[in-house]
Amino acid sequence: MFKQVLAGIGAGALLFGLTACGGGDDSAGGGGSDDGLVIGFAQVGAESAWRTANSASIQAAAEAAGHELKFVDAQQEQEKQISAVRDFITQQVDAIVLAPVVETGWTDVLQEAEDAGIPVILADRGVEAADEDLYVTRLGSDFAEEGRKAGAWAAETFADDADGTKILELQGTTGSAPANDRKAGFFEVLDAEGLNYEIVDSQSGNFTAEEGKAVMETFITTHGLDGIDLLYAHNDEMGLGAIQAIEEAGKVPGKDIQIIIVDGSKAGFQAGVDGKVNYIVECNPAFGEQLMDVVESVVNGDEVEKFTPVEEGVFDSTQFEAELPNRQF
């Protein structure tokens, strides 16, 4: 596969899908002006470099626009996000931005926001379809398409593997939109292309390097690595943790087992330059400015699309070195 850029809205703008560079449960990201908005933002947490860059982008954009951002780091706990949203409702903010930890369990609190007349914008991740009427719009990545991109490369790369392709999968946080959709999109394409494959094991590494390494160690203990062809990691952090486990087991990542990661951090691209990663699907976190535009439109009562995708590319080993200097996180 070669680098492709999807049609989307605004280069360099991205949302979705999974952290703040600081702040406790009530730290503000900007000091709104007299005519600025007060925006409550319940962020997933700080589980990865992607999330840190995402939070920093949103905080900087809110400050530049003259809005007051009430920022909450939920530390990957849905209960903390629900509590934060209720606090925002009590404070009568102008709008609520929510990057939901998981897809389910939001109906009650989203209904409370609607009853209070406060619009909710989803950033990055989504919620279950049953709650679609309770938020105005979602800005972010098309996670299923990211999975399809990864699947297309795998289907092409292993098309001639007569013995079948043995795959290990490191899933993201159980129940989260990125984990659900990146998995579904990946295997959708493998099945559509008729690839002969076996899922040897698939477990959640919770989007962190530490858990990615721990799960990979379990894979190695349980199955070994001989005969395993591909590791599909739902984000860079888990993939980088898995690389450590593979090396400690005496194998060569990128050669003895090929590796796909999703995000495209500097560390991920450096691993690609070093030959330890074979394919990267981009998920761009720097969508703060675009998010502020969406929030302003929603508060002004303008009509907005239910979902706004962002531009994202894919990269193989021939592109890692040239692209590395362009990485923002």
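In this predicted model, A65 sits in the loop that links helix 1 (49-64) to strand 2 (68-73). With a relative accessible area of 33%, A65 is partly exposed, because that value falls between the 20% limit for buried and the 50% limit for exposed. A65 also has a distant partner in sequence terms: M292 is 227 residues away along the chain, yet the C-alpha atoms of A65 and M292 are 7.5 Å apart in space.

Strand 2, which follows the A65 loop, belongs to an open sheet of six strands. The strand order in this sheet is 2-1-3-4-5-11, and the pairing is parallel. Strand 2 and strand 11 (307-308) form the edges, each pairing on one side only. As a general point, strands of a sheet pair through backbone hydrogen bonds, either parallel or antiparallel.

Working inward from strand 2, the next strand in the order is strand 1. Strand 1 (residues 38-43) runs parallel to strand 2 and is joined to it by six bridges; here F41 stands opposite F71 of strand 2. Strand 1 is also joined to strand 3, again in parallel, this time by four bridges, with G40 facing I96 across the pair. Strand 3 in turn runs parallel to strand 4 (residues 120-123), and three bridges hold that pairing. V97 of strand 3 stands opposite I121 of strand 4.

The side chains of strand 3 are worth a quick look. A95 and V97 point one way from the strand, I96 and L98 point the other way, and all of them are buried. Helix 2 (residues 78-90) lies across strand 1, strand 2 and strand 3 (95-98). The direction of helix 2 is at about 170 degrees to strand 1, so the two are roughly antiparallel, the angle being over 145 degrees.

The model has another open sheet of six strands, and this one is put together with mixed pairing in the order 7-6-8-9-10-12. Its edges are strand 7 (197-204) and strand 12 (314-316), each of which pairs on one side only. On average, neighbouring strands in this sheet are turned by 15 degrees against each other, direction ignored. Within the sheet, strand 8 (residues 230-233) and strand 9 (residues 258-263) run parallel and are joined by four bridges, and L230 stands opposite Q258 in strand 9.

Helix 4 (residues 143-157) is draped over part of this sheet, lying across strand 8, strand 9, strand 10 (279-282) and strand 12. Helix 4 runs at about 160 degrees to strand 10, so this arrangement too counts as roughly antiparallel, being over 145 degrees.

Two threonines give a view of strand 6 and what follows it. T165 lies in strand 6 and is buried, with a relative accessible area of 0%. Leaving out residues up to four places away in sequence, T165 touches F158, L195, N196, Y197, E198 and D229. T173 is placed in the loop between strand 6 (165-171) and helix 5 (177-192). T173 is buried as well, because its relative accessible area of 10% is under 20%. With the same sequence neighbours left out, the contacts of T173 are Q76, A179, S204, N206 and F207.

Helix 7 packs against two other helices. With helix 6 (residues 209-223), helix 7 (residues 236-248) makes an angle of about 40 degrees, and the axes are 7 Å apart. That angle makes helix 6 oblique to helix 7, and the crossing is right-handed. On the helix 6 side, the contact is made by A209, G212, K213, M216, E217 and I220; on the helix 7 side, it is made by E237, M238, G241, A242, Q244, A245, I246 and E248. By type, the residues in this contact are seven nonpolar, three polar and four charged.

The packing of helix 7 with helix 8 (residues 266-273) has an angle of about 45 degrees, with the axes 9 Å apart. Helix 7 and helix 8 are therefore oblique to each other, and they cross in a left-handed way. Here D236, L240 and I243 of helix 7 meet A267, G268 and A271 of helix 8. The residues of this contact comprise four nonpolar, one polar and one charged.

Terms used
Residues are numbered from 1 along each chain as its sequence is written. This is a predicted model: local features need pLDDT of at least 70, side-chain atom pairs count only at pLDDT 80 or more; totals for chains, interfaces and linings use all residues. Side-chain values use heavy atoms; hydrogens and water are left out. Axes are lines fitted to C-alpha atoms, for helices over the stretch in contact, and angles run from 0 to 180 degrees between N-to-C directions. Angles under 35 degrees count as roughly parallel, over 145 as roughly antiparallel, 65 to 115 as roughly perpendicular and the rest as oblique. A crossing is left-handed if the near helix is turned anticlockwise from the far one by less than a right angle, and right-handed if clockwise. Contact means heavy atoms within 4.5 Å. Ala, Val, Leu, Ile, Met, Phe, Trp, Tyr, Cys and Pro count as nonpolar, Asp, Glu, Lys and Arg as charged, and the others, Gly among them, as polar. Two strands pair if DSSP finds at least two bridges between them. Buried means under 20% relative accessible area, exposed over 50%, partly exposed in between (1.4 Å probe, protein chains only).
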